[in-house]
Amino acid sequence: MMIQSVSRAVRILFELQGARRLPLSELAHRVMLPSSTVHGLVRTLAMDGMIEQDSSGQYMLGPRVLGLGNAFLDSNEFRLRSLSAAEALSERTGHAVRVAVLLGSDVVVVHHVLRPDGSRQMRELGIAIPAHATALGKVLLAFQPNLDVLLPEDVPLRRLTGRTVAVREVLRASLEQVRQDGMAYELDEVVLGESEVAAAIFDARGTAVGAVSVVLPTPEEAHGSADPGPAIFGVTVMSAVREAAIGISRSMGALSWPMDQSGARHPRPAQRQRRTPGRAMDGSAP
């Protein structure tokens with residue numbers, strides 16, 4: 001049984017997560033509720049520290065939300081098992097590493113390792129990115145049985161750059177390819193000049209519980225290539241990402257990689273098996 005007031009409060013929190021700050025009228029418009037109803041809800045949430053009001057009268061998330069987020073990070077088994085592997089992956093490749101989970105139609109970064117070169121960088125922990133635009137998101141969407149619920153046909157796919165894949169037929173074809181080898185790529189779809197290669201992580205039930213990725217500058221020759229795989233990201237980086245995903249999946253109880261929701265391995269063409277050996281969890285070739 002759904003409790004309406006709780007559902008409405010959660011919708012308000014999600015809207016403030018995406019918009020950062022909103023006046024009451026705009027917040028009410030976004031959640032499609034009367035301003036008087038929203039005012040009562042935000043006052044209650046503010047009393048518990050979940051929402052704050054700034055000097056201009058706009059509402060934003062409060063400090064108690066941070067405490068909940070930290071509690072989730074500290075207790076999330078997938079994140080805890082991925083920490084050392086993500087650090088090692090960054091050291092091995094020399095690039096930044098993201099670990100993420102799927103939340104609705106977004107991916108949320110639950111761990112972020114900065115490039116080990118000491119350059120100035122922004123920590124991305126906790127950010128939410130449309131899943132269809134990221135390699136992390138594509139590799140997770142590919143293994144979801146309820147894809148049409150996550151990305152309903154009547155909701156347009158957001159474009160973050162001119163290169164974001166926002167055509168459903170193109171996205172579906174891309175996801176079908178991802179299911180073959182458990183890896184996904186994106187070139188300049190989230191930020192121009194930045195590309196990403198990601199691999200799915202599975203648990204003992206065969207569920208894709210998260211993903212790990214390497215983020216690197218987009219090579220100049222990338223957009224003229226028909227294959228965004230080894231030719232762009234390099235065999236070394238791709239192998240490192242794959243091995244990290246296999247290692248974390250093994251620690252989560254997965255028996256093979258990649259897997260589907262039933263725990264069975266996906267069939268893949270023989271030529272791909274020859275190109276990317278070592279996917280069995282015992283280290284042997286498929």
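**Note on the predicted model: salt bridges, burial and backbone features**

1. A search of the whole structure finds 14 salt bridges. The structure is a predicted model, and the points below should be read with that in mind. Side chains of opposite charge can pair when their charged atoms come close. Three of the pairs are described in the next points, before the note turns to the fold and the surface.

2. One of the salt bridges joins the side chains of Arg30 and Glu15, with an N to O distance of 3.7 Å. Arg30 belongs to helix H2 (residues 24-31) and Glu15 to helix H1, so this pair ties together parts that are 15 residues apart in sequence. Are the two partners buried or exposed? Arg30 has a relative accessibility of 36% and therefore counts as partly exposed. Glu15 is also placed in the partly exposed class, because its relative accessible area is 25%.

3. A second salt bridge is formed by the side chains of Glu196 and Arg98, at 3.2 Å from N to O. Glu196 is in strand E7 (residues 194-202) and Arg98 in strand E3, so the pair links parts that lie 98 residues apart in sequence. Both Glu196 and Arg98 are buried.

4. Arg115 makes a salt bridge with Asp117, and their closest N and O atoms are 3.4 Å apart. The side chains are covered to differing degrees: Arg115 counts as partly exposed because its relative accessibility is 30%, whereas Asp117, at 52%, counts as exposed because the cut-off for that class is over 50%. Elsewhere, salt bridges that share partners join Arg98, Glu124, Glu194 and Glu196 into one network. The pair Glu196 and Arg98 from point 3 thus belongs to this network.

5. As to the overall fold, the protein chain contains 11 helices and 8 strands. Of its 286 residues, 46% are buried. Among contacts with a separation of 6 or more, 57% are between residues 24 or more positions apart. The accessible surface of the chain amounts to about 14,300 Å², and carbon and sulfur atoms account for 55% of that area.

6. Where does His95 lie, and which residues does it touch? His95 is found in the loop between helix H5 (77-93) and strand E3 (96-103). It is classed as buried because its relative accessible area is 17%, and the class requires a value under 20%. Apart from neighbours within four places in sequence, His95 is in contact with Ser90, Arg115, Pro116, Val214, Val215, Leu216, Pro217 and Val237. One of these contacts, Arg115, is the salt-bridge partner of Asp117.

7. On the surface, Ile3, Val6, Val10, Phe14 and Leu103 make a nonpolar patch of about 440 Å². Helix H1 (residues 4-19) gives the most to this patch, contributing 3 residues. Phe14 is located in helix H1, and it counts as partly exposed because its relative accessibility is 47%.

8. How many cavities of 30 Å³ or more does the structure hold? There is 1 such cavity. The largest cavity has a volume of about 40 Å³, and its lining is made by Leu147, Leu151, Arg168, Leu171 and Arg172. Helix H8 (residues 168-181) supplies the largest share of that lining, with 3 residues.

9. Several backbone features deserve a reader's attention. Most residues other than glycine have a negative phi, and most peptide bonds are trans. The peptide bond from Trp257 to Pro258 is cis, with omega near -10°. Pro258 is placed in the loop between helix H10 (235-251) and helix H11 (270-275).

10. Two residues other than glycine with positive phi are also noted. Met32 has a phi of about 55° and sits in the loop between H2 and helix H3 (35-47). Asp188 has a phi near 60° and lies in the loop between strand E6 (183-187) and E7. Which of these is buried and which exposed? Met32 counts as exposed because its relative accessibility is 72%, while Asp188 counts as buried because its value is 6%.

Key. Residues are numbered from 1 along each chain as its sequence is written. This is a predicted model: local features need pLDDT of at least 70, side-chain atom pairs count only at pLDDT 80 or more; totals for chains, interfaces and linings use all residues. Side-chain values use heavy atoms; hydrogens and water are left out. Patches are made of residues with over 30% relative accessible area and no salt bridge: like charges are joined within 9 Å, nonpolar side chains (Val, Leu, Ile, Met, Phe, Trp, Tyr) within 5 Å. Accessible areas come from the Shrake-Rupley method with a 1.4 Å probe; for residues, only the protein chains shown count as cover. A salt bridge is a side-chain nitrogen of Lys or Arg within 4 Å of a carboxyl oxygen of Asp or Glu. Helices (H or I, at least four residues) and strands (E, at least two) are DSSP runs, numbered from the N terminus. Buried means under 20% relative accessible area, exposed over 50%, partly exposed in between (1.4 Å probe, protein chains only). Contact means heavy atoms within 4.5 Å. On a 1 Å grid over the protein atoms alone, a cavity is a set of points where a 1.4 Å probe fits but cannot get out, and a pocket is an open set with protein on both sides within 12 Å along at least five of seven lines; lining residues have an atom within 4 Å of a point. Grid points are joined across faces, edges and corners, and a volume is the space filled by probe spheres set on the points.
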